[in-house]
Amino acid sequence: MTQNNKTELTKIEVADFQKVGNYKQGSPEWHAARSKGLGGSDMAAVMGLNPYKTPVMLWQEKTGKVVNNLDSEKMQIGRDIEDFCAAQYTKRTGRKTRRSNKFKVHSDYPFIGGSVDRLFNIDGRLGVLEMKNVSNESFKNTFAGGIPDYYFIQIQTYLFVFGAQIAHLWVFV
């Protein structure tokens, strides 16, 4: 393969990564968009810091060796009550939020992307809101030492992808 062929392939791959749409989170289209790169929730697995997914498991998903388009019951419940949780965030903080409704990729690194739960604005600065819905017991175990690394890495990825300056983690217990 010549250098020009490598360049052309890269341009095609980048164009493919940059196809972004308004996909309902969890839909087949959303999963297809996420499969082309690394999302915020993938980053901790890449680093070996995700207690639910190893780097090998992530590699198997991204290379099509296994298909993991199924969400756990907890993930589905979390999405089902997301509007309620966002309304509670607004009620308690006074900050209005809006949906992003898309899988966004970074403009310079199109293999890195993410779907935030909500966006907000404070004094002209863009913020990302990541919401987690957990049981009281899970909260005590998961957040005993502060924000878990895998959530922190996910949020840092969203700040990077969206060019946001602020992030809030809203944990609904």
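The secondary structure of this predicted model comes to eight helices and six strands. Reading from the N terminus, the order of elements is α-α-α-α-α-α-β-β-β-β-β-α-α-β. The protein has 173 residues, and 35% of them are buried. Among contacts with a separation of 6 or more, 64% are between residues 24 or more positions apart.

Next comes the open space. Rolling a probe the size of a water molecule over the atoms shows where empty space is left. Here the largest pocket holds about 1400 Å³ of space. Its lining runs to 42 residues, and those nearest the centre are Y52, S72, M75, K132 and Y151. By chemical class, the lining splits into 15 nonpolar, 16 polar and 11 charged residues. Quite a list of elements chips in with at least two lining residues each: the helices α2 (28-35), α3 (40-46), α4 (55-62), α5 (73-80), α6 (82-93), α7 (136-142) and α8 (149-162), along with strand β5 (125-133). The biggest contributor to the lining is α5, which supplies five residues.

Aromatic rings are worth a look too. A pair of aromatic rings is described by the distance of the centres and the angle of the planes. Searching the whole structure turns up nine aromatic pairs. In one of them, Y89 with W170, the ring centres sit 5.3 Å apart and the planes meet at 85°, and since an angle over 60 degrees is the cut-off, the pair counts as edge-to-face. Because Y89 belongs to helix α6 and W170 to strand β6 (residues 166-172), this pair ties together parts that are 81 residues apart in sequence. Both partners, Y89 and W170, are buried. Elsewhere, ring pairs join Y52, F139, F143, Y150 and Y151 into a cluster. Two members of that cluster, Y52 and Y151, also turn up among the residues nearest the centre of the largest pocket.

Helix α2 shows how burial can be arranged around a helix. Its buried residues are W30, H31, A33 and R34. These four cover an arc of only 160° around the axis, so they end up on the same side of α2. The general background is simple: an α-helix has 3.6 residues a turn, so residues three or four places apart point the same way. As for partners, the buried residues of α2 pack against α3 and α4. Helices α2, α3 and α4 also each give at least two residues to the lining of the largest pocket.

A few individual positions fill in the picture, starting with the loops around α4. L49 sits in the loop between α3 and α4. With a relative accessibility of 36%, L49 comes out as partly exposed, because buried would call for under 20% and exposed for over 50%. Setting aside residues up to four places away in sequence, L49 touches A44, D149, Y150 and I153. For Y150, the C-alpha atom is 6.1 Å from that of L49, although 101 residues separate the two along the chain. Y150 is also one of the rings in the aromatic cluster. K65, in turn, is placed in the loop between α4 and α5. K65 is exposed, at 55% relative accessible area. Beyond its neighbours within four places in sequence, K65 makes contact with W59 and Q60.

Loops between strands give two further cases. S107 lies in the loop between β2 (104-105) and β3 (113-114), and S107 is exposed, with a relative accessible area of 59%. Its C-alpha atom lies 7.8 Å from that of V161, a residue 54 positions away along the chain. D123 is in the loop between β4 (118-122) and β5. Most residues other than glycine have a negative phi, and most peptide bonds are trans. D123 has a positive phi, near 50°, without being a glycine. At 74% relative accessible area, D123 is exposed.

The last position is on a helix. N136 is part of α7, and its relative accessibility of 45% makes N136 partly exposed. Between the C-alpha atoms of N136 and F172 there are 9.3 Å, with the two positions 36 residues apart along the chain counted as their separation.

How values were computed: Residues numbered from 1 in each chain as written. Predicted model: local features only at pLDDT ≥ 70, side-chain atom pairs only at ≥ 80, totals over all residues. Heavy atoms only, no water. 1 Å grid on protein atoms, 1.4 Å probe; cavity = no way out; pocket = protein on both sides within 12 Å on 5 of 7 lines; lining within 4 Å. Points joined across faces, edges and corners; volume = space filled by probe spheres on them. Nonpolar A, V, L, I, M, F, W, Y, C, P; charged D, E, K, R; others polar. Phe/Tyr/Trp six-rings, centres within 6.5 Å; stacked < 30°, edge-to-face > 60°. Buried < 20%, exposed > 50% of the residue type's maximum accessible area, 1.4 Å probe, protein only. Arc of directions from axis to C-beta. Contact = heavy atoms within 4.5 Å.
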